[in-house]
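Reader: I would love a close look at one part of this model, namely the pairing of charged side chains and how the domains meet. Could you walk me through what is there?

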Amino acid sequence: MGRRHVTDERGEPLVLDWRAPVSRSFYRASVRDPQGVAVRRRFGFSNGVLTSFEDERLDRGEELGTTSRILTAEIERPRVGPMRDIVATIQPEQDELVRADLADSICVQGAPGTGKTAVGLHRAAYLLYLHRERLRRAGVLIVGPNRAFLSYIAAVLPALGEVEVEQATVEELISRVAVRAVEAPAVATLKHDVRMASVLRRAVQGQIGTPTDSITVSDGSFRWRIGVEPLHRIVEETRREGLPYGTGRERVQARVVSLLQRQAEARRAESPSDAWLRRMSRCRPVLDFLDAVWPALTPEGLVHGLFSDPTRLAAAADGLLSDAEQAQLIWAKPARTPKATRWTAADAVLIDEATGLLERLSGFGHVVVDEAQDLSPMQCRAIARRSEHGSVTLLGDLAQGTAPWAATDWRESLAHLGKPDAVVVPLTVGFRVPAAVVAFANLLLPALAVDVPPAESLRHDGGLDVRTVADLTSATVAEVRAALAHDGSVGVIAADDAVDGLRAALAEAGVETATADDVAAAERVTVVPATLVKGLEYDHVVVVEPAAIVAAEPRGLHRLYVVLTRAVSRLAVLHVAALPAPLVDGSAD
Ligand SMILES: Nc1ncnc2c1ncn2[C@@H]1O[C@H](COP(=O)(O)OP(=O)(O)OP(=O)(O)O)[C@@H](O)[C@H]1O
């Protein structure tokens, strides 16, 4: 069994695909439930050469579990370059998630390094194998927090033979307008609030008017008339159908034309031609009627109209947003047109919501969302619109939530995603971070105000060194030099505004560095801003001045928790300022 199906020259299988139903027992068989397996043998190989093998005689009660040497070697192997697949060593509790049914939406809550990303990517590959035709048509989407992360994971699915998977950030998914402005964090947070969905829905419904005049149309030979009463019925009936607004407009138009058609049939005793029907649907009186009771709308126009006009906003937001909140949303100097508007990232989310009210978006068959704890309710809804008829795999860790609107309860996120019944499954075995480093980072947990199951690290090697230094820059250069004596990657993580200085100092000392989004870089050292390091890992991590990382943003302690859990082998924490209070007890000073 292995990564791909391999046959010999006669077509006989030599290697079975790890995803084939028959492979399931390889991952799941245990002494308690051998599933017909007498011996499980794992091979280790390096550069095409078999280097080891390891047997478990399940029939004799032997089971290695996480003490497997091959698993240990795999976990401890130095990290270089992009993320790798874990086909050889998927653990039973991970396998259960990977092989969950396509119809099942699941949410995985796991501490740093418990394999959430790995599980999500292997699940995508598994589902594509089992439902290839269906998912090729509908599509599979992976959503990640930023480009650096997406390039880090980009090679995993192709290595498993899957190349037709879209990978995007939420911002890329909803990029109907270009983002050209930033706004106060409080305003952005308000725009990400789920109440905005109701405001927009009301704003759209508020566009639908009541017919006050009849329609009179002449086709050259006759004059046709539709009275107010039937027009009223058409609008009401269509409104009740709850279609996207744009579809509703087409439906009203078609119904009006159909009434004209019936009158024509009654008078002439034959059906009017298609050309006649087309002409009627586009004639001035019909279009004027439509523009009066069901005007054409664009998502940009709707949002622009709301934020430019306090009366319009009040009509949609009364009872939902306070006067002060409404005032926050109104632009001081609105652009004259939607096109001239300098949209913010939060506006883009609202425009996407508006788009969903006006038209039906095409969805994916399955969506994997990584680092999902950072999605706002409105972003969850944007994903829900793209997975309405599909399923989702939601991956995250409430303790790593750094966005102002970060989730504190998975059930709420799942409700916004339209999958309220999805199960929430914990992963608690850590494959990345050494136990000593986990213990140090866990000192932060009580201050993070989240309820998450603690994780146990499989790695008892590794080192932690927390040091007060006289000068951060020279200490960082010395630490990086020392780290380069070991195998593997080195990640220097600092507050965003310290990154350029550290890069320059390392360059001056003759140490070339890469940026986080360049996974193919030849340099072994990467200097990463704290806000971009989520989901990434390095063998040796140097964290520079934790207090500055915490001070840089409102949820700085959560950010520091992410930063401290990136190390695969060794973590050095260098500081001049005092360590943030929750860490002081754990410091080796
Ligand atoms: N069963 C496994 N066998 C070998 N390695 C594994 C296994 N599961 C996870 N790993 C490795 O552990 C590391 C952490 O995995 P991953 O990045 O998926 O964790 P995560 O839970 O997404 O972490 P974070 O919360 O920090 O984003 C990766 O290097 C991954 O390859």
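Author: Happily! Let us begin with one pair: Arg19 forms a salt bridge with Glu162, and their closest N and O atoms are 2.8 Å apart. Keep in mind that this is a predicted model. Arg19 sits in the loop between strand S2 (13-15) and helix H1 (24-28), while Glu162 sits in the loop between helix H7 (156-159) and strand S7 (165-168), so the salt bridge ties together parts that are 143 residues apart in sequence. In general, side chains of opposite charge can pair when their charged atoms come close. The structure as a whole holds 38 salt bridges.

Now to the domains. The domain assignment divides the chain into domain 1 (1-77), domain 2 (215-293) and domain 3 (435-586). The centres of domain 1 and domain 3, taken over C-alpha atoms, are 36 Å apart. Each side brings a few residues to the contact: 5 from domain 1 and 5 from domain 3. Between them, domain 1 and domain 3 bury about 360 Å², with 61% of that area on carbon and sulfur atoms. On the domain 1 side, Thr66, Ile75 and Glu76 supply 89% of the area buried against domain 3, more than any other three residues.

What about charge and polarity here? Between domain 1 and domain 3 the count is 0 salt bridges, and 1 residue pair is in polar contact across the interface. The residues of domain 1 that touch domain 3 comprise 2 nonpolar, 1 polar and 2 charged.

Finally, a word on annotation: an unreviewed UniProt entry records "domain: UvrD-like helicase ATP-binding" for residues 89-434. In the model, the end C-alpha atoms of residues 89-434 lie 18 Å apart, and the span is 50% helix and 11% strand.

Conventions
Residues numbered from 1 in each chain as written. Predicted model: local features only at pLDDT ≥ 70, side-chain atom pairs only at ≥ 80, totals over all residues. Heavy atoms only, no water. Domains from an automatic or database assignment. Contact = heavy atoms within 4.5 Å. Buried area = accessible area lost by both parts, 1.4 Å probe. Salt bridge = Lys/Arg side-chain N within 4 Å of Asp/Glu carboxyl O. Polar contact = N/O pair within 3.5 Å; in protein donor to acceptor, adjacent residues only side chain to side chain. Nonpolar A, V, L, I, M, F, W, Y, C, P; charged D, E, K, R; others polar. UniProt positions renumbered as here; feature names shortened; annotations may be inferred. Helix = DSSP H or I, 4+ residues; strand = E, 2+ residues; numbered from the N terminus.
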